[in-house]
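Here's a friendly walk through one structure, from its empty spaces to its packed parts. Have a look at it first, then read on.

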Amino acid sequence: MSTRIAFLKGHGTENDFVILPDPENALELTPPVVAALCDRRAGIGGDGVLHVVRSAAHPEAKGMAAEAEWFMDYRNSDGSVAEMCGNGVRVFARYLQRAGYVSEGDLVIGTRGGVKTIHIAKNGDITVGMGRARLPEGDVTVSVGGHDWPARNVNMGNPHAVAFVDDLAHAGDLLAPPPFSPTTAYPEGVNVEFVVDRGPRHLAMRVHERGSGETRSCGTGACAVAVAAARRDAADPAVTGTPATYTVDLPGGRLVITEQPDGEIEMTGPAVIVAEGEIDGAWLQEALR
């Protein structure tokens, strides 16, 4: 990587990302490269990397190319690969709009969690069709500071453990992944959400994201929280026949989550591009020594 590499920086409810436009998949994004870019003191800083690739050019996405021109090759800040990022896909769509590849209205984006439908509204908000949640059976418990809470196992294309608590401070500093049991429930790790009620259909949460630590926001986590709350509140849309909408406050902002009677989940929120520039390839090579 001796040349200069174009990048942008963006966020969705302060879940922030380094955006790397690379339509032909020419960049070699090893875990150390991603970790160096996401380093908040020695790099650009971010909760993850949004690698913007044409589906036809990515080996994992070629099968989606007929349906989705673009593939979100998402990486956590530690360099690990992730299936999906709800805030990230909104920022990804905002980049495509800024670059002139798409305009207001509907589009689709490929992810490792499947093809996602997107709507860019005139007011700037972006709605993402997040697909359906899966609710694996079995009891799960999460722990912090010697306290245990039952958690709802929700899969949004990536795994989540949702725990309802009395106070968000009970989650502790969330620097380390909260322990969970049984360990077989999440063989590849889990995103853990701690949730309190703020009012009718109004929740607040904190999250430890697998591979990134505590983040200011997590889109798939907000969806998992809304799904878990609907089951807790006897408001499962598949049972009631009416959509369930929850407002979810995160440290970085607010998302609105709606689950339809057919199980489809929609997430609406902002997405902002804050900067663009070039990465010095010589710096990156030095950082990787």
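## The largest pocket

Strand β9 (147–155) gives the most to the lining of the largest pocket, with three residues. Strands here are DSSP runs of E, at least two residues long, and helices are runs of H or I, at least four long, numbered from the N terminus. β10 also gives two or more residues to that lining. In total, 16 residues line the pocket, and those nearest its centre are Asn155, Pro159, Ala185, Tyr186 and Pro187. The lining splits into six nonpolar, six polar and four charged residues. Ala, Val, Leu, Ile, Met, Phe, Trp, Tyr, Cys and Pro count as nonpolar, Asp, Glu, Lys and Arg as charged, and the others, Gly among them, as polar.

The space in this pocket comes to about 170 Å³. On a 1 Å grid over the protein atoms alone, a pocket is an open set of points with protein on both sides within 12 Å along at least five of seven lines, a cavity is a set where a 1.4 Å probe fits but cannot get out, and lining residues have an atom within 4 Å of a point. Points are joined across faces, edges and corners, and a volume is the space filled by probe spheres set on them.

## Where the numbers come from

This is a predicted model, in which local features need pLDDT of at least 70 and side-chain atom pairs count only at pLDDT 80 or more, while totals for chains, interfaces and linings use all residues. Residues are numbered from 1 along each chain as its sequence is written, and side-chain values use heavy atoms, with hydrogens and water left out.

## A closed cavity

There is one cavity of 30 Å³ or more, and its volume is about 80 Å³. Of its 14 lining residues, Asn76, Met84, Asn158, Asn191 and Glu209 are the closest to the centre. Both β4 (70–76) and α3 (219–232) give two or more residues to this lining, which has five nonpolar, six polar and three charged residues.

## Nonpolar cores

Helix α3 turns up again in the largest nonpolar core, where it gives the largest share, nine residues. A nonpolar core is a set of buried Ala, Val, Leu, Ile, Met, Phe, Trp, Tyr and Cys residues joined through side-chain atoms within 4.5 Å; buried means under 20% relative accessible area, exposed over 50%, and partly exposed in between (1.4 Å probe, protein chains only). This core has 53 residues, and Met72, Leu96, Ile109, Tyr246 and Ile257 touch the most other members. A second, separate core of 17 residues includes Val142, Tyr186, Val196 and Ala204.

## Ala171 and the salt bridges

Ala171 sits in the loop between β10 (159–164) and β11 (180–181), and is buried at 2% relative accessible area. Beyond its neighbours within four places in sequence, Ala171 is in contact (heavy atoms within 4.5 Å) with Val144, Phe194 and Arg206.

Arg206 is itself buried, at 14%, and forms a salt bridge with Glu214, the closest N and O atoms being 2.8 Å apart. A salt bridge is a side-chain nitrogen of Lys or Arg within 4 Å of a carboxyl oxygen of Asp or Glu, and the structure holds 20 of them. Glu214 is partly exposed, at 32%. Elsewhere, shared partners join Lys9, Asp16, Arg40 and Asp47 into one network. Within that network, the closest N and O atoms of Asp47 and Arg40 are 3.0 Å apart.
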